[in-house]
Amino acid sequence: MSLSDYKGGSLLGEDLVNSVPEIKQYANVNVEQVVNVGSQDISPAHWTKLANRINAIFAHEPKVAGVVVTHGTATLEETAYFLNLTVKHDRPVVLVGAQRPATAISADGPLNLVNAIRTAGSPAARGMGTLVVMNDEINCARDVTKSNTYRVETFRSGELGFLGYVDPDQVSFYRTPTKRHTVRSEFDIDASGTFPQVEIVYSYVQPDVAMIRMLHEKGVKGIVFAGSGAGIISQVEKDAVKEILSSPPESRPIIVRSNRTGNGRVIARKDFDVLEMIPADNLSPQKARILLMLALTKTTDPADIKRMFAEY
Ligand code: ASP
């Protein structure tokens, strides 16, 4: 009955679907077990396997209306954004999780799963990109983030809000994501599951910049700052970025400025432009990292990467 102690991954996808007979009222569901790990242990290789499998299903099975991915909530938004940029079809992919364990009182997983399946089967969800359905609300992959450790209303899209409701009578959309995704995405992935290394550096009062130097020495291809305020960094961090800029071009990572506030855009500004730092618009640091990883599979041209951060 515990609401906090449980072992993730104990139930297989087949068990989850079989435990909710109401699903049969809405859809014929084929279950595939692609990965079975706690979401804190998801890797880009798992993302790749999932994206390639979903692309294959959509390419070869015209009768499939949509795909639902059950996922731990810790990193669900990261997998969702990766799929948003790498699934190349307009049929919906819906990620769903649960805040309460399946064995807990008032478990939320069964209703979330039914609602995710209803959304994946809804013609209205076509062309919306990857979606996250939890707590009767439909969020777009780009904007949604886990905002609370234990509350069932944890998945929020910040000030921009969610896209729609899943109510007992129907699935209702009120907004459309405008940024590029799925069929309008330029990113292709191969089967290798490996990507240029991009790490995140969190900004705070008086940081030790040894971490920045270490990442540079290690040869990472990208660094995303989770900057404070409007996506800014301190003078010591700027000095560390200057050191990187003075190194040979082939060893210089692309550096992106996002922000740690959770809302609002990071915009170009002279003192950071001279350091060749690319603004991440309103992407969270963890989503800016995913976009940079994919961008670096295409180009190392800062101007082109800047364009991508404006478009995705
Ligand atoms: N089950 C969670 C997840 O996969 C992680 C946890 O809280 O143990 O995201």
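Let me begin at the ligand, where one of its oxygen atoms is 2.6 Å from an N or O atom in the side chain of serine 39; please keep in mind throughout that what we are looking at is a predicted model. Two further approaches to ligand oxygen come from the backbone rather than from a side chain: an N or O atom of threonine 73 lies 3.1 Å from an oxygen atom of the ligand, and a backbone N or O atom of alanine 74 lies 2.9 Å from one. Taken on its own, the ligand has 270 Å² of accessible area, and the protein covers 67% of that.

Which residues, then, surround the ligand? They are Tyr6, Gly38, Ser39, Gln40, Gly72, Thr73 and Ala74, and by class this shell holds five polar residues and two nonpolar ones, with no charged residue.

Turning now to the sheet, we find six strands in an open arrangement, in the order 1-2-3-4-7-8, with mixed pairing. Strand 1, residues 67-70, and strand 8, residues 171-173, form the edges, each of them pairing on one side only, and from one strand to the next the twist averages 25°.

At one of those edges, strand 1 runs parallel to strand 2, which spans residues 93-96, and four bridges join the two; within this pair, valine 67 stands opposite valine 93.

Helices pack on the sheet as well: helix 2, residues 44-60, touches strand 1 and strand 2, and its direction makes about 160° with that of strand 1. Helix 3, residues 76-86, touches strand 2 and strand 3, the latter covering 130-134, and its direction makes about 175° with that of strand 2.

Definitions and conventions. Residues are numbered from 1 along each chain as its sequence is written. This is a predicted model: local features need pLDDT of at least 70, side-chain atom pairs count only at pLDDT 80 or more; totals for chains, interfaces and linings use all residues. Side-chain values use heavy atoms; hydrogens and water are left out. A residue is near a molecule or strand if one of its heavy atoms lies within 4 Å of it. A polar contact is a pair of N or O atoms within 3.5 Å; within protein, one must be able to donate a hydrogen and the other to accept it, and residues adjacent in sequence count only if both atoms are side-chain atoms. Accessible areas come from the Shrake-Rupley method with a 1.4 Å probe; for residues, only the protein chains shown count as cover. Ala, Val, Leu, Ile, Met, Phe, Trp, Tyr, Cys and Pro count as nonpolar, Asp, Glu, Lys and Arg as charged, and the others, Gly among them, as polar. Two strands pair if DSSP finds at least two bridges between them. Axes are lines fitted to C-alpha atoms, for helices over the stretch in contact, and angles run from 0 to 180 degrees between N-to-C directions. Contact means heavy atoms within 4.5 Å.
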